[in-house]
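Visitor: I would like to go through this model by asking about its parts one at a time. Please keep the answers short and end each on what I asked for.

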Amino acid sequence: MAARIIDGKAEAARLRAAVRDEAAAFTTRHGLAPGLRVIIVGDDPASRAYVRTKTRMAAEAGIAGELIELPETSTTVELLSRIERLNDDPATHGILVQLPLPAHMDAEAVLRAIDPGKDVDGFHPLNVGRLFSAGRSLPEDLLVPCTPWGCLHLLRTTLGSDGLAGCHAVVIGRSNIVGKPMAALLLGADCTVTVAHSRTRDLPELCRRADILVAAIGRAEMVRGDWIKPGAVVIDVGINRVATGDGGSRLVGDVAFAEAIRVADAITPVPGGVGPVTVACLLRNTLIAAQASTRRTGSPAPR
Ligand SMILES: NC(=O)C1=CN([C@@H]2O[C@H](COP(=O)(O)OP(=O)(O)OC[C@H]3O[C@@H](n4cnc5c(N)ncnc54)[C@H](OP(=O)(O)O)[C@@H]3O)[C@@H](O)[C@H]2O)C=CC1
Ligand SMILES: Nc1nc(=O)c2c([nH]1)NC[C@@H]1CN(c3ccc(C(=O)N[C@@H](CCC(=O)O)C(=O)O)cc3)C=[N+]21
């Protein structure tokens, strides 16, 4: 039987509707909408398209989103001073710096400079540390990286809230954006977790032992149908643009979808899987950051 297709687009719409209700209540209470600032450096067309989606979705959810576009030639110091100003701005509750940054910039220093309370990507070392030291339940105000949070959310909607316990989860990829935080969240959900990467031996054999397989590699359709355990749940994080015969292009994931669908119990498509849920989580994190800032100070102004 063909696998269930996990509808990330529909789930994202549900998440955004919930954010919209709470954002409206926040705005009424505080006279100020939750505010998100997305900074993009350089003019990579794909990155620009993503960030435009983020700010448009924000507006629809009642979040005041603003896109800050900086030239490729900006320096780390210039970006840091921009972040400092946003850290001090009471109307800014969430700050996201689109990655990757140009190679001449010090990305680590940039991520460290963002106020951890406004770090809606969850990439600041303080938030990373809180995530990795959390147990089964995450602190309510913790800003968790959006993509892995979205993957966990889709797994819970597919398997039920207790359906993950005891599962062997294999995560392919060990980046700070996806693989590592994904592993931390799955551990917190009582999975037995294996993290694979480019030096892992016999990856197909390892994957065949996974009840839950998360692919975050960045290689088009690398995971084949015969790597998948019958009945497994497959989460495909990969976003790869490949050329089509007619001179156009299309998006594919890291998993060979047409093969996998014949073996898996459930699978996320690309597009329409993890991507939209990632964006919904960013809005959710902005709301959480805004709410936490008022708890800290009694007003929306964080200082
Ligand atoms: N849907 C969404 O919301 C998002 C999607 N993405 C997509 O997810 C994918 C991964 O992103 P990201 O984590 O940032 O990518 P990175 O390039 O930072 O990490 C890729 C990981 O895959 C591993 N890898 C590469 N080749 C192989 C291989 N042949 N066998 C096993 N492991 C391999 C690397 O191993 P090693 O560490 O050894 O080099 C690395 O750990 C990309 O397609 C990206 O576009 C990313 C973020 C959000
Ligand atoms: N600081 C930072 N935070 C990020 O979260 C971050 C980042 N940098 N850099 C790039 C990656 C990538 N990423 C995506 C988010 C949504 C879709 C998405 O919505 N994709 C749609 C398709 C979009 C299309 O059609 O092009 C989908 O999968 O259906 C894709 C990719 C977030 N990232």
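Visitor: By class, how many nonpolar residues does the shell around ligand 2 have?

Guide: This is a predicted model. The shell around ligand 2 holds one charged residue and five polar ones. The nonpolar residues in this shell number twelve.

Visitor: Which element gives the largest share of the shell around ligand 2?

Guide: Of the 18 residues around this ligand, Leu 99, Asp 121, Pro 271, Gly 275 and Thr 278 come nearest. Two or more residues come from each of helix H2 (45-60), strand E4 (94-97), helix H6 (146-159) and helix H10 (274-297). The largest share is four residues, and it comes from H10.

Visitor: From which domains does the shell around ligand 2 draw at least three residues each?

Guide: The protein chain is divided into two stretches, 30-121 and 145-276. Their centres, taken over C-alpha atoms, are 28 Å apart. The shell around ligand 2 draws at least three residues from each of them, that is, from domain 1 and domain 2.

Visitor: Which element gives the most to the shell around ligand 1?

Guide: Ligand 1 is surrounded by 25 residues, and the closest are Gly 173, Ser 175, Ser 198, Gly 218 and Thr 278. By class, this shell has ten nonpolar, twelve polar and three charged residues. With three residues, the element that gives the most is H10.

Visitor: Which residues does UniProt list for "domain: Tetrahydrofolate dehydrogenase/cyclohydrolase catalytic"?

Guide: The annotation comes from an unreviewed UniProt entry. In the model, the annotated span is 51% helix and 16% strand, with its end C-alpha atoms 24 Å apart. The residues listed are 6-121.

Visitor: How far apart do the end C-alpha atoms of residues 145-292 lie?

Guide: In an unreviewed entry, UniProt annotates this span as "domain: Tetrahydrofolate dehydrogenase/cyclohydrolase NAD(P)-binding". The span is 35% helix and 19% strand. Its end C-alpha atoms are separated by 17 Å.

Visitor: Why is strand E2 (residues 35-41) largely enclosed by the rest of the structure, and how many of its residues are buried?

Guide: In a regular strand, side chains alternate between the two faces of the sheet. In E2, Gly 35, Arg 37, Ile 39 and Val 41 point one way, Leu 36, Val 38 and Ile 40 point the other way, and all are buried. E2 is therefore largely enclosed, the number of buried residues being seven of seven.

Visitor: Which residue in E4 stands opposite Arg 37?

Guide: E2 pairs in the parallel sense with strand E3 (residues 64-70) over seven bridges, and E2, H2 and E3 make a right-handed β-α-β unit. In that pairing, Val 41 is opposite Leu 70. E2 also pairs with E4 in the parallel sense, over four bridges. There, the residue opposite Arg 37 is Ile 95.

Visitor: Through which helix does the chain cross from E5 to E6?

Guide: Four of the five residues of strand E5 (residues 168-172) are buried. E5 pairs in the parallel sense with strand E6 (residues 192-196) over five bridges. The β-α-β crossover between them is right-handed, and its helix is H7 (residues 179-188).

Visitor: Which residue in E7 stands opposite Val 171?

Guide: In E6, Val 171 has Val 195 as its bridge partner. E5 also pairs with strand E7 (residues 212-215), in the parallel sense and over four bridges. In E7, the residue opposite Val 171 is Val 214.

Key: Residues numbered from 1 in each chain as written. Chains lettered and ligands numbered in written order. Predicted model: local features only at pLDDT ≥ 70, side-chain atom pairs only at ≥ 80, totals over all residues. Near = placed C-beta within 6 Å. Nonpolar A, V, L, I, M, F, W, Y, C, P; charged D, E, K, R; others polar. Domains from an automatic or database assignment. UniProt positions renumbered as here; feature names shortened; annotations may be inferred. Buried ≥ 20, exposed ≤ 12 C-beta atoms within 10 Å, placed from the backbone. Pairing = 2+ DSSP bridges. Right-handed = clockwise from strand over helix to strand, strands pointing away.
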